[in-house]
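Me: I have a model open and would like to learn how to read it. Could you take me through a few features?

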Amino acid sequence: MSIARMPSRADLETMGTYEIALCLGVVAPLLMFVVLAFFGHRIGKPVSGWAAVGGVLVSLGCASYVLVGWLSSPDQAALSLTHGYEWVVLNIAGADMPIEFKVKLDGLTVMMYFMVTLVSTCIFVFSIGYMAGHSDEVDGQCKFHRFFCYLSLFEFSMLGLLISSSIFFLFIFWELVGLCSYLLIGFYFDKKFASNAAMKAFITNRVGDFGFLLGLMLVFVFLKTFDLDQAAETFRAQYADGSGIFDASISILGWQVSGMGLATLMGIGLFCGAMGKSAQFPLHVWLPDAMAGPTPVSALIHAATMVAAGVYLVARIFRLLTPDAQFFIAVIGCITLTITALIAIVQVDIKKVLAYSTLSQLGYMIFGMGVGAWPAALFHLITHAFFKAMMFLGSGQVIEGCHHVQDMRRMGGLRKKMPVTCWTFFIGVLAIAGFGIPGTHYGLGGFFSKDEVLAVAYERSFNWENRFASHADDGGHGDDHAAESLDERKSRTGLMSGRVVLASGESDGAGHGSKEAGDSHAAGGSHHDDPVLAGIALQQRVIPKWMFWLPIIIAYVTPFYMMRCWWMTFMGKPRDEDVYHHAHESRLMYVPLIVLAVGTVFASYFMFRPVLGETAVIATSAPLVVAVDGAAAADAQPELLGLSHDKDRDPHRAMIGYVGFAWVVGMGLAILIYRQGLELAERIRRLPGVRFIHMCLMEKLFFDYVYDTVLVGGTKWVLAQIARAIDTYIIDGIANLLGRGTVRLAEFSGNIVDAGGVDGLVDAIAETTQGVSDVVRQPQTGRIRNYVLFGTTGAALVLAAIIAVVMS
Amino acid sequence: MFEIGLTHYLVVATVLFVMGIFVMITKRNAIGILIGVEMVLNGANINLVAFNRYNGLGTIDGQMVSLFVIVLAAAEAALAVAICMNFYKNLNTVDVDRADALSG
Amino acid sequence: MSGLIAQISTWSPTVAEFLTFSPELAWAGTLCLVMLAPLAIGRNSRTTAGLALVGLAVTAFFTVRVMGMTAADGPKTGLTPDLIGGMLIADNLSLFFKLILLIFLVGVTILWMSVSADEEEDAPEFFVLLVGSALGMALMVSTHNLLMMVVAIEFASLPSYAIVGFNKKNREAAEASLKYMIFGAISASVMLYGLSLVYGFFGTFDLAQISANVGPVLMAGGANRLLVALGLFCVFVGIAFKISAVPFHFWCPDAFQGAKTEVTTWLSVASKAAGLLLLMRIVNLFAQNAGPAAMGGVAVVIAIIAAVTCTVGNLSAYRQRSVKRMLAYSSIAHAGYMLAAAAIFVKAEFVDSFSAMSAVLAYVVVYMLMNLGAFGVVALLESKNGGDDSIGAFSGLIRRAPLLAVPMLCCLVSLVGIPPFAGFMTKWYLLNALGEANQGLYWALVVVIVFNTLISLWYYMRVVVQMFLRDDDQPAFAIPISGALLVNVCGLMLIVLMIFSNPLKSHSDQYASDLFMPTASELAKARAVDSTDDPAELGELAEPGELAAREDSRNLRGDHGG
Amino acid sequence: MDQHLISWIVFLPLIAGLVALFVPRELVKWVALLGSGATFLLSLFAISTFWGGDASGVFGDAYGTLHHVERASWITGKSFTIEYFVGLDGLSLPLFVLTTFVSLLACLASFNFDSWKINKGIKAYFFLFLMLETGMLGVFVSLDFFLFYVFWEVMLLPMYFLIGVWGGARREYAAIKFFIFTLAGSVFMLVGLVAMFFYSGNAVAEYPELATSYQTGAPLVTGTFDLIELSTNDAIQKYFSDSATTLLGLRFAPMMFIFLFIGFAIKLPCFPVHTWLPDAHVEAPTPVSMILAGVLLKMGGYGFLRLCYPIFPTGGHFWASTLAVIAVISILYGALCAMAQTDFKKLVAYSSISHMGYVLLGICVMTKTGFQGAMFQMIAHGVSSPMCFFLVGVIYDRAHHREINRFGGLWLSMPRYGSMATLGFFASLGLPGLCGFIGEVYVLLGVFEAGNSGPMFPWAYTAAICAAFGVVLTAGYVLWLIQRVYLGEVREEYKGFPEATGREMLILAPLGALCIIFGVLPKQTVFDFMNGTLNLIVDQINGVTQMALAAAGG
């Protein structure tokens, strides 16, 4: 390896076509970024926008190419190539440990990559329209090109995040998307609130990244690799023989962590990053403020892609989780989805409503990850990306049309002015509400994904321990007897076993390195009831009941506030004539809406779900946690719209009693209340009990307040000022004090010192030494007799010293 | 009658020495201090002569050196008086305590 | 029946001995020349100075000549054929120091010419005193004999007292000379008293013999030891007065401030250096003959005095308004540094104290340059602003007279001891000597000296700040070319001696090493085994021993040269 | 020319400076530019011997493989020989080139000298400036301790005058403060110089059989100033690391280590002795601040890596925990202080303290990753902080004040400048993809790993985590700064600000480009040129440590 060797063609040739395609898709927006950064202001207003679109179209092309190739390939495992480019070489315990850039190629990447490119293509196009007006002006200056410049950079970072197989690079791109989010939220940086929001977003994410860093350190030190797959292998191996992280013990600030606790800490640490990006409680505060950015940004970054990156991260590190860590994730997700949904009820700003609903849905995803519904959560991620992006664009359409009025109380009746927006938005509302015909398999994305998450949650909280009870006695390690007991239970509560066992089959196989995951079907057939997996499952916590019931309740709340939002905006009578008067919609902007609507309706289930299911097999083969597939056989034989399920394995059937009619109830309630405009709502709000709750919700449960005063203020105005004071007065003044002290001494010895001059060390030193020198110069009185006296005395002393020394 | 030996000379010399030092320290008059110096020098002379007489080497180095000392003392005295005069011209006194313009 | 008289009567000098003595002779000749010339050519100050310079040049010529000679032939033991007690020694050390003195004297003369030649009407007397004290100092460094030492010290001192008060109108000058004189007289008397005691105990004035016998006495207990210690200490007081070591330094600041700046320049370097080299000689003798075992206690005492001296000097220099006084204190501090070298009583292998001596030699050379430069600038400035040497007078000097400010900067920074100036190199030689001794005592001295550097920074920088960073719009002024040349050469030399420090180091090494060639008295001891009393034969017999001595001296040079 | 390459590079600026003293006033700056430019180009030649070669071939298999070596005896005393011994290895090369680079840009930044508030004495200014460059280059190449010390001190005076004469309102105070602090440090170093020399002499006398010199192969007979010899000679190492070796009754290695450490810590600067830095920076003119932040601070770190640790590994172990505490305090404390500042330049200065804290932290655990991280952090900071200081200078030239709260909206009035500013400050924030990130992460990982590597550093985990929290604070003050200065509505008084001129962009562009390149290709641009030597040093250290432990055990 010669010095300063640059990446050469050799590196390129060893790459597979898919890798090249993916990388190309990543690089194209970067090129556009560079072009726009340097020549954007010359290219001018519409063109630079189209340039950016061109870049992202290339990415979309690559994405589709890879997607098609992936779906049509018989042996997908063979596709994932293992060539990596050595970026830097770390050194651990004397051994070199390279950090490689490697393209991660599996179902999840392909899906996400496609979703992101598709959605962002729509949004780029939409933005051209949205920015066509004066929306691109910052303090009167046209920043059109800068906007698309940032968008391209974001596209690059987001795609890079998706394809990087090393958690280290994941972190790098992670920060880069954070940067883009910062820049785009603060796009209108002449507005104080915008720059504040941007700062808030970045710093909150940094707090999360602090945890991420901690996780990275633990991975580095104990797993000795950053590559996700290798890390998982090592983790499994170390668990198997109780080595590495499992017999390590570290003390942090005197707090001793060891073994399983350490592994948990690692998981939680990594998850902290996700908490930041996906705005999970208690770091959720930045997302609503982030709406200060232009609406397309909210659609792209803060609804569809970046905020989902947190979920993606958790999906990637799923294999490194421990039961406790997983439980922690579930709790966080549950809390988030609840409080944010409640806050969403009272919002009157259309974007804020969407923001809080986004938070709530992200909560669902994280919660899903937490309960082990790996495929379901990701599925929800993708479906949500479509309909939420669509709704945001719709809101953008509305805002642009109404000249940046965002207050829903001033809207109403817009359906006549902007029909396309209205109905696409309505589709979105249905989707998020989980619209579907109960018991059947006809519905929209949210219907499948959310129900599945809930189904798994049900399983985890009600059926878990009695499902595997018989394993308690023999430690959960399978023998026939265990298998039988598992089998018979399976007939009773059919829902889960299929996937658990099925998944166990492959995950077990994958765990031992055999890459036969491609054919999940056969595997599923072959291994029924795997005791090993059952054993792992047994060690997992049982989810407490409230963590099942809260999401259920929120499943009713969601349709309510979404319907409320839609109704207040588009239905009823116009409440503000002049807003209503100006309202209009532009073609350039509703074409993307339609595309996304189609995506929402059709692209959801049959297209993504099976791939996720198969990917799960490898991606979730964890030694300590199991992934639960709520729709076992569904992905076995996907037909066109034919959601034919083996009936007793059907989440919707299972959940019918709980949320089957949630959307009807919620939306109905909303219509009832807002049918006549706002009066009824007002009256309800004034009810004695409600008022206080309403106030709390309006105040976002005081999170911002507490953070700003206690944390930010505490650091900025207390700690920092204290540090500054220490610096100026103590560190710098220590010698000062010395000086004063000596001066006292000097005065004490009968000499007046003119203390003075500026503060600080220099004069302090001077003062000190001057004090001393004044003492020293006492004898120099100018009197000869004194001189002689001192001289003789000194001489006598020296003589005495000599005698003393010589005699001794 | 008792024999006068080296010790007696040395005692005299020592007394002279101590007195000289004492005079130097106490006198305010420059001339007085010079007298103190002379006393010490004479103490030295007594030592030299006495030692030479009693050390039995048979040389007269001691006496020679005492002559040197006397000459040196004379030269010094001459210069000293000149300097005192100069001082007196400037300050109209030979009180050494008045010589405190240079201090600190 | 030998003794002084006998020796004098039997003295019949040879040409070689005359040659050896030629520098002193030339020096005395210059003295007479300057004294008598006015009778012939009037009292013009510049011509007088010129004459003095000529005389000094001749002296320098002879000095170099003799150096060349002795470098080849090993040390000459001065004027007396008798191998006991060299009254005067003409070894390279003394000759080298004479050369330094001469160069310095020339420098001071040039300074005097460019500063106060014009209003000076008693030029001849001035030069008589100047050259006279110089001769005294030259004698100080070339004797082993207590009597000669006393004479030399007095010879150096008496003119100094007078020259300090040379400016008769000036009250401060009068006061300064009075203090100097009284303090000097007292210490001289004390020294003589001590001398008498030492003589009484050892029956000789030859330090070589004394040092040879002092060891057992000091090792043994009893009143004798007390007596000897007292005597030696009184002698030491006399020398310490010249060095102005604490607590015998009180005269120094007052005398230096009161005197004319040229005189201050002269005294601040020459008298201290002479005293130091004298002390070093004695210390080396005692270290070699009596050995560290006996003198260890003395080493400690000298070390303590050195440490106290440099610290007190540096601390007292703070907050002095008068730069002259400040530099006077700094000269005390530097005396302390050099005194530290005198504390090295180590015999282990004699190179140790030899490098101490060479360090002092190098230090003296550089210190001469630094003080000549610094005081020269002060003098030149005073001559322009009516004798104001307060620190404020320096403000904005870089604008008013860059040719003064820059060399002043060099000299001050060099006094602090920071590269790229030679003051740092010599300080390093000093530390090196202490480090070689490699005992706790000397490491402690290293630490003290180094930290004194830090203390001293502040007050030197006060002047720098005034010169470069402040400016209160005092008028610019022109300075005489000769003076400007002088100080700038000093400043430049400081840099040159830093970068090409090698010659300085090797020469001072070589000259210092001459100290350790067997002196006449040692040869005598070497020959005592032959048990013969005839001086004449001793002369011939001396040869083989001498040869041997030269042999090992060569080897000595050989090994440290490479 | 070729065999004297280093000497030419080192002394070329001085020559140019001397020339500058004697050319007409208007040519001075061009002479200076020519001089520093030529120096920079020559220093690029110096890289050539490293470039493309095989790592093991270039860096050898033992510490002390040097390039462009020149050694000649300078001063020969009776008992010591001071050599003019210069050379380059992986430790000095990056800093060496960085120095010439930053100096060139700083020289360019001084081109508006005539428009400064104090614009007298342009000749003196450029002379001192170039003399300073010579001093800095000399420090990085000299491998003889005495020579090192001389160059170290040579930098002192020029810096003093550059701050004290051409500085701001309190320049005199700042200059003398700088002088006293630095000299205080070098005083300790001087004691170390003497002691190390003679103790190495004792060492070779003690273990003559071990005293084989790396250079001649013959056994060493006297003490030495040769830094490589001091750290690689078995006899010296055995004697130094022996706990029975004492100086003034204190154990030798820890004492000497801390003596040297103080000197370098003041330059670095780290927590208790940092107060000179903000003052010096605030008062110094922009180019001097660039030099100060870009190069001078690095000498502290360089000193650790060249002197403290290779020569006194046991001392390093002895003080490790203390240093870690100091480092962590510097990181957090510097960041907090930066957050509290209202003076733009002071803020950047404190951020330097915080960043240098990472250097100390990375070094004090003595792992390869830590060393590499610390070194990279120095390089990165050497690029980003001059940029930040120049950015400050640019608006100071226009607004004539540095009150952060009085700025605002500058990104609107000066878009190009604003973009460069964002780049620079994000680089110093440690954003991935920019240079600041890699150093920090390396340090954190290295420290954390040290905790796992043995019983030696139980505190390392805590240290790493506390330091990691620094990234949050850093983000805090940097973003807050950007918001207050560049974002927000453009104020009336800044509406008319001219965009960054060509000269300014000429200075900013290379720095910005390097920020990105170092961040994207750290291996090819930096690590490849230094890791070899750093690893060898760590091996050396570990070897000695093992020896010392064995000696203590048996």
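Reply: Happy to; we will go through one chain, one interface and one hairpin. Keep in mind that this is a predicted model.

Me: Let's begin with chain C. How many helices and strands does chain C have?

Reply: Chain C has 22 helices and two strands. Of its 562 residues, 68% are buried, meaning that 20 or more other C-beta atoms lie within 10 Å of the residue's own.

Me: And what share of the contacts in chain C is made by residues 24 or more positions apart?

Reply: Counting contacts with a separation of 6 or more, such residues account for 81% in chain C.

Me: Now the interface. How do people usually describe one?

Reply: Interface size is often given as the accessible area lost when the parts come together. Here we can go by residues: the contact takes 39 from chain B and 38 from chain C.

Me: Which helices of chain B supply at least two residues each to the side that touches chain C?

Reply: They are H1 (6–26), H2 (30–54) and H3 (61–91) of chain B. The largest share, 17 residues, comes from H3(B). By class, this side of chain B has 28 nonpolar, nine polar and two charged residues.

Me: Finally, the hairpin in chain A. In which sense do strands E5 and E6 of chain A pair?

Reply: As general background, side chains in a regular strand alternate between the two faces of the sheet. In this case, E5(A), residues 249–252, and E6(A), residues 255–258, pair in the antiparallel sense over four bridges. A:Ser249 has A:Ser258 in E6(A) as its bridge partner.

Me: What about the turn of that hairpin?

Reply: The hairpin has two residues between the strands, and A:Leu253 takes a positive phi near 50 degrees.

Conventions
Residues are numbered from 1 along each chain as its sequence is written. Chains are lettered from A and ligands numbered from 1 in the order in which they are written. This is a predicted model: local features need pLDDT of at least 70, side-chain atom pairs count only at pLDDT 80 or more; totals for chains, interfaces and linings use all residues. A residue is buried if 20 or more other C-beta atoms lie within 10 Å of its own, exposed if 12 or fewer, and partly exposed in between; C-beta atoms are placed from the backbone. Two residues are in contact if their C-beta atoms, placed from the backbone, lie within 7 Å. Ala, Val, Leu, Ile, Met, Phe, Trp, Tyr, Cys and Pro count as nonpolar, Asp, Glu, Lys and Arg as charged, and the others, Gly among them, as polar. Two strands pair if DSSP finds at least two bridges between them.
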